[in-house]
Amino acid sequence: MTEANADPLLPPRRKSRRIRLGNVEIGGGAPVTVQSMTTTKTADVDATLAQVYALAGAGADIVRITCNDEDAAAALAHIVPRAPVPIVADIHFQYRLALAALVAGVPGLRLNPGNIRKPEHIKAVAAEARDRGVPIRIGVNAGSLDKDLMDKYGDATPEALVESAEKEIGYLNDVGFDDIKISVKASNVPLMVAAYRLLASRCDYPLHLGVTEAGPPPAGIVKSTAGIGTLLMEGIGDTIRYSLTADPVEEARAGRTLVEALGLREREGLDLIACPSCGRAEVNVIHVAEAAQEALRERDIPLQVAVMGCVVNGPGEARSADIGIAAGNGRGHLFIKGRVVRVVPEADMVEALVEEAERLVAEGADARIAAADADAADAAAELRADRLAHDVDPNASQLREDAARSTAHGDDATTG
Ligand code: SF4
């Protein structure tokens, strides 16, 4: 079953039931949420909270924290009430730590079926979670699949991953617990995609997507985007996590960027677009884009900002951006919605871009276009005309035209 998407270009989303994690809803048509996980020692309450705040600031709607010992469980009692987003306790092996995390007040649990094996232990956790109204993620992982399933299937196949999840669902359902979301992660992208497709066809629980152990960027981001993005574009998936070997802030940013790029979430922060640069560029686009990104992010500018290497194509190609800058002749040409409003020395490009972006946010596009320097657009147009006049080679074009005509007439000896 599917349900309509607000954007007609997006596929219908798989219809899933809705669960609630603290004040965040997952599934049932709720916006796709972004998750990440802390890397601090959980027992270090201040360091963990600082990272939770950093992740929330970078776009995470939900943060997972390991609950790997008694001190971690005790720390969760202090972290959960001060966290800006719901916290999920990550549990492996020891079911008592799941019970302790529930007592500490976590609004969500993640259990790995491959690591907590005894049904009575799983059911004890589910009964406690049921009584407290706390949802559980069944987090199946291809790398830690139940040995029985490995023996049965010979490998971590999509069927094995889904059967592991279904077995766990059975245990939870046995105690009347149905507040479930599921993940079937693998580091192999085709396996992960196939497993989620199979799972999506067999239940209506909300799904948490991820490519596990994706590794460091950029490969980790590419693999995660391939797997998560493929499924999201099929309408599958209710919440996502990038598992990167990097500062987890990168995970949150990547996840947020993906859901915004796919049109599944409204843009909240900066969207920096930049041309890839080419032989026509009149500035080091990479350096300018990096400097602009850093300065604009620091100020939390919620605009689409373009950095373009030349004035020939820059303002036109980036006309959909709220604001941008294009280089040329040792100057930066600031444009708003494709209209050049100021020309500044190249050395001041980034500073001028940030200043104009702040004014744009405060005053709006119409006011800033009305305040444009009278000569800026003409100066840009003149430079563009000059660059075009000099980089066209009429002689080469004429030679190609002559060759094309003689080929059409059959003059070429090879066509004989
Ligand atoms: S905007 Fe200019 S410099 Fe950048 S890729 Fe396009 S033509 Fe090249």
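## A tour of the predicted model

Begin by colouring the chain by domain: the domain assignment of the protein gives domain 1 as residues 2-261 and domain 2 as residues 271-391. Because this is a predicted model, everything selected below is a feature of a prediction. With both domains coloured, place a marker at the centre of each, taken over C-alpha atoms, and the centres of domain 1 and domain 2 will be found 41 Å apart.

Next, select residues 70-79, which form helix α2, together with residues 95-104, which form helix α3; their axes come within 8 Å and cross at roughly 20°. An angle under 35 degrees counts as roughly parallel, and α2 and α3 are therefore roughly parallel to each other. The crossing in which α2 passes α3 is right-handed. To see the contact itself, show the side chains of E70, A73, L76 and A77 on α2, and those of L97, A100, A101 and A104 on α3. The residues of this contact of α2 with α3 divide into seven nonpolar, no polar and one charged.

Move on to a second helix pair by selecting residues 119-132, helix α4, and residues 158-174, helix α6, which pack with their axes 8 Å apart at an angle of about 55°. That angle makes α4 oblique to α6. Here too the handedness can be read off in the viewer, since α4 passes α6 in a right-handed crossing. On the α4 side, display P119, I122, K123 and A126, which meet E168, Y171, L172 and D174 of α6. The contact of α4 with α6 is made up of five nonpolar residues, no polar ones and three charged ones.

Now follow the backbone to the loop between β11 (208-209) and α8 (219-232), where P218 is found. Select P217 along with P218 and inspect the peptide bond that joins them, which is cis, with omega near 0°. While still in the loop between β11 and α8, pick out E213, which has its place there. The backbone of E213 deserves a look for its phi near 45°, a positive value in a residue other than glycine.

Finally, centre the view on the ligand, which 13 residues surround; the closest are C275, C278, A281, G309 and C310. Which kinds of residue, nonpolar, polar or charged, make up the shell around the ligand? Colouring the shell by residue class shows seven nonpolar, four polar and two charged residues.

Definitions and conventions
Residues numbered from 1 in each chain as written. Predicted model: local features only at pLDDT ≥ 70, side-chain atom pairs only at ≥ 80, totals over all residues. Near = placed C-beta within 6 Å. Nonpolar A, V, L, I, M, F, W, Y, C, P; charged D, E, K, R; others polar. Axes fitted to C-alpha atoms, helices over the stretch in contact; angles between N-to-C directions. Helix = DSSP H or I, 4+ residues; strand = E, 2+ residues; numbered from the N terminus. Parallel < 35°, antiparallel > 145°, perpendicular 65-115°, else oblique. Left-handed = near helix turned anticlockwise from the far one by under 90°. Contact = placed C-beta atoms within 7 Å. Domains from an automatic or database assignment.
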